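Subject: Structure handover

Hello,

Here is the structure I said I would pass on. Please have it open while you read the notes beneath it.

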Amino acid sequence: MMACPSSKTSLVQANLHHSETASAQLRKWLEVQRTAIALIQEPWVGAGKIKGLNNLKGKLFYSSEHDKPRACIYTTKDICAQPLTDFCSRDMYAVAIQYTQESRLVVASVYMPEEDTPPPHDLSRLVNFCERTGLEVVIGTDSNAHHPLWGMEKPNERGVTDSPLCRACMGEEETAAHVLLKCPEVATYRAKHLGTPGSLPEVACNIKGLLSFFGEISWLE
Ligand SMILES: [Zn+2]
């Protein structure tokens, strides 16, 4: 059994949008990785098979029972990965990775269709299984959560959170001071509409700038 040197393993999550070009780009990246795991959603598929990622030296995991699988996992050849068949479907694939004699890690690739109510039942089952068995789990997903901060035109319900953390940077609590004075992820919008304010009272004097700032980052809803 080969060990997986966890500190040197590259991990990537990628939605390929069924694109030949995106598959070629990912393939190029995988070709130069020694130890890597790719959690892929919406791969390029033809005749029930995933295209563009075959004939690499590693292993490509996906559910072949479905015509158009929307989740797959690629692991380089030095990684010892076993499918968790109870948790593999068209939209989800999970493998257990043995990285020392005693230690296993679960990685999963999940596609969450927009028309379904999240989280998917299979994903909840997987998380329960990992909690019950004490296994660490890494999930790479296309959750179809939309928000202008991530490049979409409009937010959807999944893009709105009740977490106290800043929805832009997830680094600090989302207070007025954080968003208006500090948050690195909205710095461009802040500079555009508010300049470089030094304090909250200073920002409060610029109502027009405030409205256009929040309007642009779509946090007025
Ligand atoms: Zn922030």
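The notes below go from the whole chain to the metal site and then to one helix.

Please keep in mind that this is a predicted model.

Overall

The protein has 221 residues, 41% of them buried. Its secondary structure consists of 6 helices and 10 strands. The C-alpha trace extends about 65 × 40 × 35 Å along the principal axes. Of the contacts with a separation of 6 or more, 50% are between residues 24 or more positions apart. The accessible surface is about 12,800 Å², and carbon and sulfur atoms contribute 51% of that surface.

Zinc site

Which residues coordinate the zinc ion? Three cysteines and one histidine do: C166, C169 and C183 through SG, and H178 through NE2, at 2.1 to 2.3 Å. The angles among the 4 donor atoms run from 102 to 117°, and the site is tetrahedral. Written as a sequence pattern, the spacing of the donor residues is C-x2-C-x8-H-x4-C. Within this set, C166 and C183 are 17 residues apart and link distant parts of the chain. C166 sits in the loop between strand 10 (136-142) and helix 3, while C183 sits in the loop between helix 3 and helix 4.

Both of these cysteines are out of reach of the probe. C166 has a relative accessible area of 0% and is therefore buried. C183 is also at 0% relative accessibility, so C183 counts as buried too; the cut-off for that label is under 20%.

Helix 4

Helix 4 covers residues 187-194, and its buried residues are R190, H193 and L194. Viewed down the helix axis, these buried residues fall within an arc of 85°, so they line one face of helix 4. T188 and K192, on the other side of helix 4, are exposed.

What covers the buried residues of helix 4? The cover includes helix 3 (176-182), helix 5 (200-204) and helix 6 (207-217). Just after helix 4 comes G195, which takes a positive phi of about 75°.

To tie the two parts together: the loop between helix 3 and helix 4 carries the zinc donor C183, and helix 3 is also among the elements that cover the buried residues of helix 4.

Regards

Notes. Residues are numbered from 1 along each chain as its sequence is written. This is a predicted model: local features need pLDDT of at least 70, side-chain atom pairs count only at pLDDT 80 or more; totals for chains, interfaces and linings use all residues. Side-chain values use heavy atoms; hydrogens and water are left out. Buried means under 20% relative accessible area, exposed over 50%, partly exposed in between (1.4 Å probe, protein chains only). Helices (H or I, at least four residues) and strands (E, at least two) are DSSP runs, numbered from the N terminus. The arc is that of the directions from the helix axis to the C-beta atoms. Contact means heavy atoms within 4.5 Å. Donors are N, O and S atoms within 2.8 Å of the metal (3.2 Å for Na, K and Ca); water is not among the atoms, so sites may look incomplete. Four donors count as tetrahedral if all angles lie between 85 and 135 degrees; four count as square planar and six as octahedral if opposite donors are over 155 degrees apart and all others between 65 and 115; anything else is irregular. Accessible areas come from the Shrake-Rupley method with a 1.4 Å probe; for residues, only the protein chains shown count as cover.
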